Amino acid sequence: MLAGLSTNLGLYLGLSAVFFAFGVLTVLTRKNAVGLFMGVELMLNGAALNFVAFQTFRPGTHDSWLHGHVFSLFIIILAAIEAAVALAIVLRVFAARRTIDPDRATELRG
Amino acid sequence: MRSLFYVSPPLLLSFFSVFVLIAGLWIRNHAFLVGTSLLGLGGTAGLYLSMIGKPAQDAFAGMLIFDHFGLFFSVFSVLVIALGVIVSARSREIKEDRRSEYYSILLALCTGLIFMGISNHLLMAYLAVETVSILSYTLAGFNRERNVSVEASMKYVVYGSMASAIMVYGISLLFGVTGELEMTGLREFFAKTPADQLPHLTWIAVLLIFAGMGYKISAAPMHMWTPDVYEGAPTPVSAMFSVAPKAAGFALLVRFLVTAFTQPIEGSMEALATGIPVSQASFNLVGNFNWPLFLMASSGLTMFMGNLAALSQVSIKRILAYSSIAHAGYMLMGISTQSTAGIYAILFYVMVYCFMNIGAFWIASKVDDVMGGDHLKHFRGLVSRKPFYAISMAVFLFSLVGIPPFAGFMGKLYLFRAVIGREMYFFGLIAAINSVISLYYYMKIVKAMFFDAPEVEMPAGKTAFDSRLTMTFIALLVIPNIMFGLFTDPLMALISEAARIFTGS
């Protein structure tokens, strides 16, 4: 079942933690709203990877329901929906002020 | 089929949501759209009221749970959205050619709020939170000709998507530790696993999930988006944002903490048997984790962040936004007491908070419409121009401060009593200090309305904003603010029925 895949859960968790950490770093440092949302996607993918890894390596908890796998599928769907709405908003921002740098959206302050 | 019966109200609401959207393509009549939306909300509320008294029941294989707690928050969400529809109907901020989309989104939002209150599974909770969030992003930017509105929606989507990503990562870790996603399943897991054998990863996971839910209720430090979004979004939308998602977030948070992590000590079940009133039962959140300190710190920080930042504001919408952060802090007090009395107090506070806050935002919206702005200077001398609005606003503000005999006072009283009942005197003192700080900025508005001379000229051509109907509805919001301050028993009876999940029945 796991032919060709590592059987070490820790490796997967480490990879997902790296995804999540890079995602957070991207969100905090990017000067471009589209890049920023790519960081959010990275964070979500870290979570999805966690779910798949935990479900695969912890059999016997919920085999028949496959909650972890199903959750990761929903994460993918919701990430797509969120990206669609976010990009629509970014387009409006660009039309309004010819820049999509969130740091320069400064009309609301105080 | 049995499960379908329990989701029939949200199904009806989704049907109306789609219907309003499609019918709006042909029928441009505004009254028709408002009427249909209210009809859908009314029908939903009616279906819920017919479900009162049914025993607690899970549905869809444990994804959802139906109990009086969920029912309370479902009806509450319908009420808030109905108020939102009424407030929006007379607002100038919603453009005419987008009204059908607007009401359609509002009804869909209500569906999401309902599911937040009744989810018993973390996947369902995540889906409901995302439904509410994504619709909120679009609502915040609904007035897309105004730059501030677009900016508000961008800030909302940046913070919101990050918060939900953090939450879902926390859920994945919790799933890894426990192998469970169902809240009742989590409770069984924690009951059979000794506290000192839980890995520290559990508490990292809980912190991450708390951060995600804390964003919905705008608890510090996840509150930064709140003032910008409330100021930029159309005012009727801000009025709803400040109440509905916050209440649903509290419903989810309380259900998550109490269902998954609670071990009753002077337990509610035994309390019933031994005759201790259930309202005095307390519970312990499990684990090798300092829950009381964590919850108190989060609550205290939220109060101070909201109240101190509100002091220097001049925009009324911004003041109300910061005050809504502070109120989230007060409500968190109820959870940190870890007692049934605290939960009762939260439910009571949510209910009265709805009436006072929507009212205050509504008046702000009216003043914005007629004076061309919502700054303190636009409120100066309001009593000589629009006495009805000034007096109603004063009632809402007094209620927000918590001055007797208004409802806000009783809300705070219940919260403080829960805190004192658990002998957390220092924490009570912090909350009292915060109430005093908040007095300053609320009274600043009252002083401007009643004792200052008018500063801004009323722009010409902006009349006919106070129809009889609007004034009637505002009066309908004023009445509960006074009534619930004087007669709390009916509402408390309702709430003690709603909070029965904590007695195990």
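Buried here means under 20% relative accessible area. All views come from a predicted model.

**View 1. Chain A is built from helices, with 0 strands.** Chain A holds 3 helices. Its elements run α-α-α from the N terminus on. Of its 110 residues, 38% count as buried. Take the contacts in chain A between residues at least 6 apart in sequence: 57% of them join residues at least 24 apart.

**View 2. Helices α3 and α4 of chain B pack with their axes within 10 Å.** Helix α3 of chain B spans residues 30-50, and helix α4 of chain B spans residues 68-89. Their axes cross at roughly 170°. Angles over 145 degrees count as roughly antiparallel, and α3(B) and α4(B) are therefore roughly antiparallel to each other. The crossing of α3(B) past α4(B) is left-handed. On the α3(B) side, the contact residues include B:Val34, B:Leu38, B:Leu41 and B:Tyr48. On the α4(B) side, they include B:Leu71, B:Val78, B:Ile81 and B:Val85. B:His30, B:Ser37 and B:Thr44 of α3(B) also take part, as does B:Ser74 of α4(B). The contact residues divide into 13 nonpolar, 4 polar and no charged.

**View 3. B:Cys110 and B:Cys354 are buried cysteines without a disulfide partner.** A disulfide needs two cysteine sulfur atoms within 2.5 Å. For B:Cys110, the closest cysteine sulfur is that of B:Cys354, 12 Å away and too far for a bond. Seen from B:Cys354, the closest cysteine sulfur is in B:Cys110, again at 12 Å. B:Cys110 has 0% relative accessibility. B:Cys354 likewise has 0%. Over all chains, the count is 0 disulfides.

**View 4. Two cis peptide bonds of chain B precede prolines in loops.** Most peptide bonds are trans. The bond joining B:Ala220 and B:Pro221 is cis, with omega about 0°. B:Pro221 sits in the loop between α9 (201-216) and α10 (225-232) of chain B. The bond from B:Pro404 to B:Pro405 is also cis, with omega near 5°. B:Pro405 lies between α19 (387-401) and α20 (407-421) of chain B, in the loop.

**View 5. B:Phe60 and B:Glu423 have positive phi values.** Most residues other than glycine have a negative phi. Phi of B:Phe60 is near 50°. B:Phe60 is in the loop between β1 (57-59) and β2 (64-66) of chain B. At 38% relative accessibility, B:Phe60 counts as partly exposed. Phi of B:Glu423 is near 60°. B:Glu423 is in the loop between α20 and α21 (425-451) of chain B. B:Glu423 is exposed, with 59% relative accessible area.

Note on methods
Residues are numbered from 1 along each chain as its sequence is written. Chains are lettered from A and ligands numbered from 1 in the order in which they are written. This is a predicted model: local features need pLDDT of at least 70, side-chain atom pairs count only at pLDDT 80 or more; totals for chains, interfaces and linings use all residues. Side-chain values use heavy atoms; hydrogens and water are left out. Buried means under 20% relative accessible area, exposed over 50%, partly exposed in between (1.4 Å probe, protein chains only). Axes are lines fitted to C-alpha atoms, for helices over the stretch in contact, and angles run from 0 to 180 degrees between N-to-C directions. Helices (H or I, at least four residues) and strands (E, at least two) are DSSP runs, numbered from the N terminus. Angles under 35 degrees count as roughly parallel, over 145 as roughly antiparallel, 65 to 115 as roughly perpendicular and the rest as oblique. A crossing is left-handed if the near helix is turned anticlockwise from the far one by less than a right angle, and right-handed if clockwise. Contact means heavy atoms within 4.5 Å. Ala, Val, Leu, Ile, Met, Phe, Trp, Tyr, Cys and Pro count as nonpolar, Asp, Glu, Lys and Arg as charged, and the others, Gly among them, as polar.
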